[in-house]
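Subject: Structure for your review

Dear colleague,

Please find below the structure that I am handing over to you, together with its sequence. My findings follow directly after it.

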Amino acid sequence: MAKYAASAKTRKHWTGFALHEVLSSMLDYVHLTSVRQLRRTNHGWAMYRRKQIKTSKDRLVRRRMKRHGMTEAEAAAALEGFDPRSCRLPYLDMKSHSTDQRFRLYVERVTDVNSFDSNWSFSTYGLSSQAAVPEF
């Protein structure tokens, strides 16, 4: 079983958070404990953010047609030199609840974070391009 630690600016942030209610649909898969102080050394800060990869020329042709009002031939000609990048980032295979489409969620780790950012906004996936979390 994997263990994950979450952090907050202060203990008060976690004690006022109704985590059991937020994760009610996942309680069969997670084990929640009370808030406690970590005794591990913090090895710095890192941001984990979503990275969207341009991998499909067909998808980019369709997107260009829709956004720029081009024909398929014009859009394909505009992307003539396109070479799909191979991505070595870790990813999760996801399925959208709203559209039932499957997609890959690539996660990029940024370690050159100079200072702690007080803007703690995270996406639905728990990722942020602004907030740094401690590395252990």
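I begin with a residue that takes part in an ion pair: R104 has a relative accessible area of 42% and is therefore partly exposed. Please bear in mind that the model is a predicted one.

Salt bridges

The structure contains three salt bridges. As background, side chains that carry opposite charges can pair when their charged atoms come close.

R104 is engaged in one of these pairs, with D93 as its partner and 3.4 Å between the closest N and O atoms. Since D93 belongs to strand β2 and R104 to strand β3, the pair ties together parts that are eleven residues apart in sequence. D93 has a relative accessible area of 58%, so this residue is exposed.

A further salt bridge joins the side chains of R49 and E108, at 3.0 Å from N to O. This pair links distant parts of the chain, with R49 in strand β1 and E108 in strand β3, 59 residues apart. As for the surroundings of the two partners, R49 counts as partly exposed because its relative accessibility is 27%. E108 has a relative accessibility of 19% and therefore counts as buried, the cut-off for that class being under 20%.

The side chains of D100 and K95 also meet in a salt bridge, at 3.9 Å from N to O. D100 is exposed, because its relative accessible area is 52%, whereas K95, at 44%, is partly exposed.

Overall architecture

The protein chain has four helices and four strands. Read from the N terminus, the order of its elements is α-α-β-α-α-β-β-β. The chain has 136 residues, of which 15% count as buried.

The loop between β2 and β3

Is S96 buried or exposed? With a relative accessible area of 16%, S96 is buried. This serine is located in the loop that runs between β2 (91-95) and β3 (102-110). Its side chain makes a polar contact, at 3.1 Å, with the side chain of S98.

Surface patches

Two surface patches deserve a mention, and I take the charged one before the nonpolar one.

Which residues gather in the patch of positive charge on the surface? They are K54, R59, R62, R63, K66 and R67. R67 is placed in helix α3, which spans residues 57-68. Its relative accessibility is 59%, so R67 counts as exposed.

The nonpolar patch on the surface is formed by M26, L27, Y29 and V30, whose accessible area together is about 390 Å². Y29 is found in the loop between α2 (19-22) and β1 (45-51). This tyrosine counts as exposed because its relative accessibility is 66%.

Points to inspect

When you open the model, I would suggest looking at the following places:

- the R49 and E108 pair, which connects strand β1 with strand β3;
- the D93 and R104 pair, which connects strand β2 with strand β3;
- the polar contact between the side chains of S96 and S98;
- the patch of positive charge, with R67 among its members;
- the nonpolar patch, with Y29 among its members.

With kind regards

Conventions: Residues numbered from 1 in each chain as written. Predicted model: local features only at pLDDT ≥ 70, side-chain atom pairs only at ≥ 80, totals over all residues. Heavy atoms only, no water. Patch = residues over 30% accessible without salt bridge, like charges linked within 9 Å, V, L, I, M, F, W, Y side chains within 5 Å. Areas by Shrake-Rupley, 256 points an atom, 1.4 Å probe, with all protein chains shown as cover. Salt bridge = Lys/Arg side-chain N within 4 Å of Asp/Glu carboxyl O. Lys, Arg positive; Asp, Glu negative; His and termini not counted. Charge placed at Lys NZ, Arg CZ, Asp CG, Glu CD. Helix = DSSP H or I, 4+ residues; strand = E, 2+ residues; numbered from the N terminus. Buried < 20%, exposed > 50% of the residue type's maximum accessible area, 1.4 Å probe, protein only. Polar contact = N/O pair within 3.5 Å; in protein donor to acceptor, adjacent residues only side chain to side chain.
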